Amino acid sequence: MKYHIITFGCQMNISDAERVSAILESMKYKKTPNVNEADLIVITMCSVRQSAVDRVHGLVQKIKKLKAKSPNLKTILTGCILKKDKKIFTMPTGRQVKDFDYVIDIRDIKKLPKILAWSNSHDRRELTTLKSPNDYLNITPKYSSKFYANVPIMTGCNNFCAYCVVPYTREREISRPAEKIISEIKSLIKNGYKEIWLLGQNVNSYKDPSTSFGAAQDKGSGQAINFPTLLKMVNDIQGNFWIRFTSSHPKDFNDEVINALAIGGKITPYLNLPVQAGDDKVLKDMNRHYTSKDYKNKIKKLRKKIPGIAISTDIIVGFPGETKKQFKNTVELFREVKFDMAYINKYSARDGTAASKLKDNISIFEKKRREKVLTEILKQTALEKNKKLVGKKAIVLINENRGKNYFGKNEHYKTIKIKSDKNILGKLVKVKITEAQPFILSGSILPARSEAEDKT
Ligand code: SF4
């Protein structure tokens, strides 16, 4: 039996898909990249933007054609799904053909063997009552890479930012026991992994649920393990690897987290801190619980403690009611903070969120204009920073190749292009930066002689 898996969205969804693969492969299913030869198609869906949901609707048409050819083909939809979409995708369409055979809560994937054994619609009704606890995070994933791994430390969110569906699709925050996280990472490092991503919707609010483990490991203080403590524990694991994490919420990004990052070691000097807007009224409407001044102060502290740290952000342009004057405050924040990278999104309403009740009154034309304004500033600040790296040395973890062109990330999470005749995929290589563009650097591998010189 073969399965084909299609994954949309963020690193958490990729990590979830790796768990689905692990369960299916334990059932002797084999993964196929060819959808036409699959006996089972699994889609791990993302609901953060309507465009991702629309892509699943697009796939439904293709799946229907495949089902017409192979009536035994089974289809499963899981991942981040809104209640409303769950209903839509399980409703009979056309000639009583359902869009998907099963629409499963991601927390129920442990029950896949049972679900796949069901053969009639009566059994399907049980799906509404499955809901197992979040121990699905402790399923050992079938990692899609041999050198970097996503390790969820928590899932869900309690913050209810006005535009975001995550608290509705993934529900409330649940942290994973530190003991399980550390044991997974130790095993990855033993197997040669070089980059560990600690994942969560809001990693800064991580709290080890297992208090006895917390008391035992937290140097006898008896306090539960929080995110800074967890970072230190991961940093203490023996081995040559990098630690990265995502996502952080500025309101929870406090001095304790900054001090933990400043330890350095395996914790890389890169941070994604989503600001979303630079205007206090818009931030309040977004339910973000910090001001533009708070954000800038945190960045100042961070840069003082970790000079040269690379910072990226997420921004939403055209939030309902965002005036031109309010947008100007975001522009000013952008100019002042000088980000290394920014992920700029045009606002689009998501069903069920607080913002969806507000009038989406900024035209698409104006949203595009605002996106362009910020992109231009970003290009300048990123180029300015990248130019300073030319002539400097960097360690790069190579994660992609196209022929003899290899691509990787340095500790500051900058993309670096390198030419090599040898296969260097998955290797940490030492390079000299030769050229800078806003979003990519070029480098050449330093000869072994230079490496030896560097060590002395
Ligand atoms: S912190 Fe806000 S944006 Fe992030 S997942 Fe939670 S609700 Fe969504």
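In this predicted model, tyrosine 148 has glutamate 195 as its bridge partner in β11. That pair belongs to a longer run of pairing: β8 and strand β11 (residues 195-199) are joined by five bridges, and the two strands run parallel. Zooming out a step, β8 and β11 are part of an open sheet of three strands, in the order β8-β11-β12, with parallel pairing. The edges are taken by β8 (148-152) and β12 (242-246), each of which pairs on one side only. Direction ignored, neighbouring strands of this sheet are turned against each other by 25 degrees on average. As background, strands in a sheet pair through backbone hydrogen bonds, and they do so either parallel or antiparallel.

Two helices lie across strands of this sheet. Helix α1 (residues 11-26) lies across β8, β11 and β12, and its direction is at about 95 degrees to β8. That angle falls in the 65 to 115 range, so α1 counts as roughly perpendicular to β8. Helix α7 (residues 178-190) lies across β8 and β11, running at about 175 degrees to β8. With the cut-off for roughly antiparallel set at over 145 degrees, α7 therefore counts as roughly antiparallel to β8.

Next come the helix pairs. Two packed helices are described by the angle between their axes and by the distance between those axes. Helix α2 (residues 50-69) and helix α3 (residues 83-90) pack at about 10 degrees, and their axes are 12 Å apart. The pair is therefore roughly parallel. On the α2 side, Val53, Val56, His57 and Val60 do the touching, and they meet Asp85, Ile88 and Phe89 in α3. Sorted by class, the contact of α2 with α3 holds five nonpolar residues, one polar and one charged.

A second pair is formed by helix α9 (residues 227-235) and helix α10 (residues 255-262), which pack at an angle of about 10 degrees with axes 9 Å apart. These helices, too, are therefore roughly parallel to each other. Phe227, Pro228, Leu231 and Lys232 of α9 make the contact with Glu256, Val257, Ala260 and Leu261 of α10. The class split for α9 with α10 is six nonpolar, no polar and two charged.

Two single residues are worth a look as well. Lysine 367 sits in helix α14 (residues 364-387). Its relative accessible area is 5%, and because the limit for buried is under 20%, lysine 367 counts as buried. Setting aside neighbours within four places in sequence, lysine 367 is in contact with Val317, Gly318, Lys346, Tyr347, Asp360 and Ile362.

Glutamate 400 is found in strand β16 (residues 393-402). With a relative accessibility of 32%, glutamate 400 is partly exposed. Apart from neighbours within four places in sequence, its contacts are Asn405, Tyr406, Phe407 and Leu425. Glycine 426 is 26 residues away from glutamate 400 along the chain, and their C-alpha atoms are 8.2 Å apart.

As for the chain overall, the model has 15 helices and 20 strands. Of its 456 residues, 52% are buried. Among contacts with a separation of 6 or more, 73% link residues 24 or more positions apart. The accessible surface adds up to about 21900 Å², and carbon and sulfur atoms account for 52% of that surface.

Methods:
Residues are numbered from 1 along each chain as its sequence is written. This is a predicted model: local features need pLDDT of at least 70, side-chain atom pairs count only at pLDDT 80 or more; totals for chains, interfaces and linings use all residues. Side-chain values use heavy atoms; hydrogens and water are left out. Helices (H or I, at least four residues) and strands (E, at least two) are DSSP runs, numbered from the N terminus. Buried means under 20% relative accessible area, exposed over 50%, partly exposed in between (1.4 Å probe, protein chains only). Contact means heavy atoms within 4.5 Å. Accessible areas come from the Shrake-Rupley method with a 1.4 Å probe; for residues, only the protein chains shown count as cover. Axes are lines fitted to C-alpha atoms, for helices over the stretch in contact, and angles run from 0 to 180 degrees between N-to-C directions. Angles under 35 degrees count as roughly parallel, over 145 as roughly antiparallel, 65 to 115 as roughly perpendicular and the rest as oblique. Ala, Val, Leu, Ile, Met, Phe, Trp, Tyr, Cys and Pro count as nonpolar, Asp, Glu, Lys and Arg as charged, and the others, Gly among them, as polar. Two strands pair if DSSP finds at least two bridges between them.
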